[in-house]
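Open your viewer, give each chain its own colour, and follow along. We will walk along the place where two chains meet, one selection at a time.

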Amino acid sequence: MVKEIERTGIPVVHMCNLIPVSKTVGANRMVPTISIPYPLGDPSTPKEDQWKLRYHRTKVAIQAIATDVQEQTVFSV
Amino acid sequence: MKKAIVYLNQFFGQIGGEEKAGFEPEIREGQVGPAMQMAKTLHAEVTHTIICGDNCMGSNPEETCAKILAMLDGLEFDIFLAGPAFQAGRYTVACGLICKAVKEKFGVPVVTSMNVETPGVNMFRKDMYILKGANSAAKMRKDLSNMVTLANKLLDGVAIGPAEEEGCFPRGIRHQVWRKDGKPASERMIDMLLKKVNGLPFVTEMPIPKIDRVPIAPAIKDLKKAKIALLNTGGIVPVDNPDRIQSASATRWGRYSIEGADGLEGGVFKTVHAGFDPAAADADPDVITPIDALRALEKEGFYGALHNWFYTTVGTGTTESEAARMAREIVPYLKEDCVDAVIMVST
């Protein structure tokens, strides 16, 4: 899906846990998430921590689509 | 007798379903689940079974592989078998990861089995024998027997034929062989050329792999003016799932209004994804669709505006071609509203 959208010229950032899969499929901008069932907030941690993590990673993702890259890039969080 | 060790996920290892997908790796003496069936015809004794949760391996691959390698240290084995993993995406990646690690550390042959539609195939087919597996565990008997057949050849030192004959995905290795028909390359080439000019079908001896890469879209120049849309493959839908998006192997998608919403609430939205434990996302859908964070960043002026709709499908067992089609159907809605960039969250 990421590829088909990017093909139309819209930049996409892929937030996912299995970065190697995303790379193999061909995403160009990637931001890692923390798990499969809860990518952006571990329910065993306080709400405040979940919010901080989600806010931070979402911000990194937005920054990623404003960043020119020359090759497949995983943005660090 | 030679010795074998088998790797299974939490489901086939009889630990449990999605609620146990975080299960830390364990080694058991003897055979569990599919390993029992393998043991019947394998030319080796299955001495141990390793069981590990798919999410455990998926989220911490290096650490988890290291733990398993430590368990194997000091054990004698001649072959390592993982799966069969069928069309279970995470399980295929787990089988590939552990097979690669075991092969590198212990130098023993490794065999696994996966369906062509899974990510594990392209990630690992060059590193190991991956048998072409079925799309469901209903074909357990067949996939197991194919694994055992190949494993027995490796154990017995029988020459392994071309991937096509063995039922494996090609590893991309070319071997020098004496052909049964004794035909030199020049003759085979002319045969192919004649067929080609006459419009007849022929099979190339050197297929060129097709790599489908998409040009990198240019970055957004001015975030302050950018309109951003959120998509997800985590199956977040209104609780009544109005578009009847399937829980696995999805062919449908939906879009739901978030105009004026500061986040999604549990009880109003939920996940229909059948590939993971839904408890966390049902309680707080924003752990998959970070609409609360996107709204906060919009209000702070970090970027221009959030598109009024978010888009959902389910990404487990979904084929690449269906996914591509769904994306092509979604794009016009994005274009219509002049969306500048997309955030896709996958589970």
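Begin with both chains shown as surfaces: in this predicted model, chain A and chain B bury about 4,600 Å² between them, with 69% of that on carbon and sulfur atoms. Now select A:Met1, A:Ile36 and A:Ile62, which together supply 16% of the area that chain A buries against chain B, more than any other three residues.

Next, widen the selection to every residue in contact across the interface. You should pick up 53 residues of chain A and 57 residues of chain B.

Time for the charged and polar pairs. The interface of chain A and chain B holds four salt bridges. To look at one of them, zoom in on A:Lys47 and B:Asp284, whose closest N and O atoms are 3.2 Å apart. Residue pairs in polar contact between the two chains number 18.

Switch to cartoon view and stay on the side of chain A that touches chain B. Four elements each supply at least two residues there: α1 (2–7), β1 (12–16), α2 (19–25) and α3 (47–65). Which of them gives the most? Select α3(A), and you have the answer: eleven residues. Colour this side of chain A by class and you will find 27 nonpolar, 15 polar and eleven charged residues.

For the last stop, select β1(A) together with β12 of chain B, residues 341–345. These two strands pair in the parallel sense, over four bridges. Label A:Val13 and look across to β12(B), where B:Ile343 is its bridge partner.

Key. Residues are numbered from 1 along each chain as its sequence is written. Chains are lettered from A and ligands numbered from 1 in the order in which they are written. This is a predicted model: local features need pLDDT of at least 70, side-chain atom pairs count only at pLDDT 80 or more; totals for chains, interfaces and linings use all residues. Side-chain values use heavy atoms; hydrogens and water are left out. Contact means heavy atoms within 4.5 Å. Buried area is the accessible area (1.4 Å probe) that two parts lose on being put together, summed over both. A salt bridge is a side-chain nitrogen of Lys or Arg within 4 Å of a carboxyl oxygen of Asp or Glu. A polar contact is a pair of N or O atoms within 3.5 Å; within protein, one must be able to donate a hydrogen and the other to accept it, and residues adjacent in sequence count only if both atoms are side-chain atoms. Ala, Val, Leu, Ile, Met, Phe, Trp, Tyr, Cys and Pro count as nonpolar, Asp, Glu, Lys and Arg as charged, and the others, Gly among them, as polar. Two strands pair if DSSP finds at least two bridges between them.
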